[in-house]
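Below are my comments on the model, set out as numbered points. Please read them with the coordinates open.

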Amino acid sequence: MKKENQIFRTYPGGKNGQGVFHNIINVIRPHSVYMELFAGSGAIFQYKRPALYNLINDIDPEVSVKWRGYQIDGYGYEVLQQDATEFLSRYPFQESEKYVIYLDPPYPRASRKSSRDLYRYEMTDAQHVELLQTVLSLSAPHIDFVISTYQNPIYSYYLKDWELKEFQAQTRKGPATELLYMNYENHLGYLHQYDFLGEDFTDRQRIKRKIHREIKKLYNLPATERNAIIQAVLTCRT
C-alpha cells in the first residue's frame, strides 16, 4: 500500500493533472522493476500499481530527501539522489528482469512558453543530448523507456524512430501538447494495469461500464460454461 506524497502536488511540470497521468500509465507494459529518474512530484509512481522493485531518483537533494519519508509496504523501494544520465550509464541492468524507466526531464528551454528557470537543477541542450544518447545505447527488449517532453528539435531528432503519443494537458499557463516517446510498440495491448484505460473521463467510464456488463453476463452463465470461457481466454494464443 502506498501513502500519497502531498508535498509535490503543485510541482512545476508535474503529471498529477486529470488525463495526464492516465495517458502515461496507459502505455506502461508489464514489468518487475520501475524507475522514475526525474522524480519531482512522482505522479506516475504514485498513481500506478507498484512493481516488485521501485526506484525513485532526483538530482535535487530537497526533492530526494522528501521522498525518503514516503511509504510503500510489501514492495522493494529505494530513493537516490543522482544525475539521471550518470545513473543510467552505470546501472547493472539484468536481462532476467523487465524494466520500465520513466523519464520526465526539465523541458528544453526552446519548448517552453517562458525561458525563466523552473527548477533548481535545469538541463542544457548538451545535457539533453547526452541523456538521449545514453538512453539509445541502452535500448533492449528487457528495457522499456517512456519519455515525456514538449515538441522540440532535440527529442524529435534523437527519438525519430520511436513510438510517439500526443495528448493535451492543462498547465498553469493554459493547454499544452504533451509528447510521450516509447522505444517499443504494444501491438498485443498488454499493460501493467488497466485502471485508467480510455482516452478521457467519458471514455474511461464507457470502458468501465462495458467491463461490468461483460462480467455480469459471464457470471450469469452456468458454472461449467463460464469456466470453459475463462480457460479459453487464458490459453488463447495469437
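1. Arg109 belongs to the loop that runs between β4 and α5. This is a predicted model, and in it Arg109 has a relative accessibility of 33%, so the residue is classed as partly exposed. Its C-alpha is 9.3 Å from that of Glu122, a residue 13 positions away in sequence.

2. Arg120 is also placed in the loop between β4 and α5. Its side chain forms a salt bridge with Asp60, with an N to O distance of 3.0 Å. The pair ties together distant parts of the chain, 60 residues apart, since Asp60 sits in the loop between β2 and α3 (61-67). The two ends are not equally covered: Arg120 is partly exposed because its relative accessibility is 49%, whereas Asp60, at 6%, is buried.

3. How many salt bridges does a search of the whole structure find? The count is eight. In general terms, oppositely charged side chains can pair when their charged atoms come close.

4. One of these joins Glu178 to Lys15, at 4.0 Å from N to O. The partners come from distant parts of the chain, with Glu178 in strand β7 and Lys15 in the segment before α1 (20-25), a separation of 163 residues. Are they buried or exposed? Glu178 is buried, since its relative accessible area is 3%. Lys15 has a relative accessibility of 2% and therefore counts as buried too.

5. A shorter-range case is Asp203 with Arg206, where the closest N and O atoms are 2.9 Å apart. Both residues are in helix α7, and because they are three residues apart, about one helical turn separates them. Asp203 is buried at 18% relative accessibility, which can be set against the cut-off of under 20% for that class. Arg206, at 41%, is partly exposed. Elsewhere, Lys15, Asp104 and Glu178 are linked into one network by salt bridges that share partners.

6. Strand β1 (residues 33-36) is covered on both faces. Val33 and Met35 are buried on one side, and Tyr34 and Glu36 are buried on the other. The arrangement follows the usual rule: side chains in a regular strand alternate between the two faces of the sheet.

7. Which strands pair with β1? Strand β2 (residues 53-57) runs parallel to β1 and is joined to it by four bridges. Strand β4 (residues 99-103) likewise pairs with β1 in the parallel sense, over four bridges. Tyr34 is a convenient residue to follow here: it stands opposite Asn54 in β2, and its bridge partner in β4 is Val100.

8. Thr134 is part of helix α5 (residues 125-138). Its relative accessibility is 13%, so Thr134 counts as buried. The side chain of Thr134 reaches the backbone oxygen of Glu130 at a distance of 2.9 Å. With neighbours within four places in sequence set aside, Thr134 is in contact with Thr85, Leu88 and Ser89.

9. On the surface, Leu188, Tyr190, Tyr194 and Leu197 make a nonpolar patch of about 410 Å². Leu197 is found in the loop between β7 (174-182) and α7 (201-219). Leu197 is partly exposed because its relative accessibility is 32%. Patch membership requires over 30% relative accessible area.

10. Some overall values may help to place these details. The protein chain has eight helices and seven strands. Of its 238 residues, 45% are buried. Among contacts with a separation of 6 or more, 62% are between residues 24 or more positions apart. The accessible surface is about 13,400 Å², and carbon and sulfur atoms contribute 53% of this.

How values were computed: Residues are numbered from 1 along each chain as its sequence is written. This is a predicted model: local features need pLDDT of at least 70, side-chain atom pairs count only at pLDDT 80 or more; totals for chains, interfaces and linings use all residues. Side-chain values use heavy atoms; hydrogens and water are left out. Helices (H or I, at least four residues) and strands (E, at least two) are DSSP runs, numbered from the N terminus. Buried means under 20% relative accessible area, exposed over 50%, partly exposed in between (1.4 Å probe, protein chains only). Contact means heavy atoms within 4.5 Å. Accessible areas come from the Shrake-Rupley method with a 1.4 Å probe; for residues, only the protein chains shown count as cover. Two strands pair if DSSP finds at least two bridges between them. Patches are made of residues with over 30% relative accessible area and no salt bridge: like charges are joined within 9 Å, nonpolar side chains (Val, Leu, Ile, Met, Phe, Trp, Tyr) within 5 Å. A polar contact is a pair of N or O atoms within 3.5 Å; within protein, one must be able to donate a hydrogen and the other to accept it, and residues adjacent in sequence count only if both atoms are side-chain atoms.
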